[in-house]
Amino acid sequence: MKDLNQENNSAIFSKLQKSLSIELTRQDMVKLGEQLKIHREAHLNKGILVNSIDSIKGLEGGKCLFILTTDLTEYLFQIKKEQNKTLNYLYVALTRSKKELVFLVTHEVENKYGRDVIDKKFEELNIRTLYLELEVV
């Protein structure tokens, strides 16, 4: 098979169906098409690829950046524990990195919980902290 970046989606779907003796549904093709697009864009961009948690399911990266928002913080810090979509999102976000996961704590999270609480919770979770002051322009 040609490189995935050079092959069009229809040809890839056709080869998959033939080699695996399966019939892809339209929904399967849409999902595969989205993943192929992400794969192609990752090879074009040498910088940081930013995606939503929904779009990274099933993907992995050597080094990943996780932007910690207030809704996810409640589950990371185990303030909320009920099983729901947000907890599932947190699991997906935390398990994408093969080697290194970097947390970016938003000002919103820092303002809500305070640095002392964040430091304590990260220490309990064995997460090393390093503070860099970033100015949003």
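**Entry 1: the neighbours of E74**

I looked up what E74 touches in this predicted model. Leaving aside residues up to four places away in sequence, I found E74 in contact with I79, K80, K112 and Y113. E74 itself has its place in helix α4. Is E74 buried or exposed? I noted a relative accessibility of 15%, and since buried means under 20%, E74 counts as buried.

**Entry 2: the charged partners of E74**

Next I checked E74 for salt bridges. I found one with K80, where the closest N and O atoms are 3.3 Å apart. K80 has 34% relative accessibility, so I wrote it down as partly exposed. That gives me a bridge between E74 and K80 with a buried residue at one end and a partly exposed residue at the other.

Which residues are linked with E74 in a network of salt bridges? I listed K80 and K112. Both of these names were already on my contact list for E74.

**Entry 3: T73**

I then moved to T73, which is also found in helix α4. How much relative accessible area does T73 have? The value is 0%, so I marked T73 as buried. Again not counting residues up to four places away in sequence, T73 touches L68, V109 and Y113. I underlined Y113, as this tyrosine is on the list for T73 and on the list for E74.

**Entry 4: the ring of Y113**

Y113 made me curious about aromatic pairs. I saw that a search of the whole structure finds four of them. In one, F77 and Y113 sit edge-to-face, with 5.8 Å from centre to centre and 80° between the planes. Where do the two partners lie? I placed F77 in the loop between α4 (70–76) and α5 (85–94), and Y113 in helix α6 (residues 107–113). The pair therefore ties together parts that are 36 residues apart in sequence. I also noted that F77 and Y113 are both buried.

**Entry 5: another partner for F77**

I stayed with F77, as it pairs with F122 too. This pair is edge-to-face, with the centres 6.0 Å apart and the planes at 80°. F122 belongs to helix α7 (residues 115–124), while F77 is in the loop between α4 and α5, so here the parts tied together are 45 residues apart in sequence. Like F77, F122 is buried.

Which residues do ring pairs link into a cluster? I wrote down F66, F77, F103, Y113 and F122.

**Entry 6: more salt bridges**

Back to the charges. How many salt bridges does the structure hold? There are seven, and I looked up two besides the one between E74 and K80.

E110 and R115 meet through their side chains, at 2.8 Å from N to O. With 30% relative accessibility, R115 counts as partly exposed.

K120 and E124 form another salt bridge, at 3.9 Å from N to O. These two are four residues apart in helix α7, which means about one helical turn separates them. Are K120 and E124 buried or exposed? I found both of them exposed.

**Entry 7: looking back**

My notes on helix α7 now hold F122, which pairs with F77, and the bridge partners K120 and E124. F122 is buried, whereas K120 and E124 are exposed. For helix α4 I have E74 and T73, with E74 buried at 15% and T73 buried at 0%.

Conventions: Residues numbered from 1 in each chain as written. Predicted model: local features only at pLDDT ≥ 70, side-chain atom pairs only at ≥ 80, totals over all residues. Heavy atoms only, no water. Phe/Tyr/Trp six-rings, centres within 6.5 Å; stacked < 30°, edge-to-face > 60°. Buried < 20%, exposed > 50% of the residue type's maximum accessible area, 1.4 Å probe, protein only. Contact = heavy atoms within 4.5 Å. Salt bridge = Lys/Arg side-chain N within 4 Å of Asp/Glu carboxyl O.
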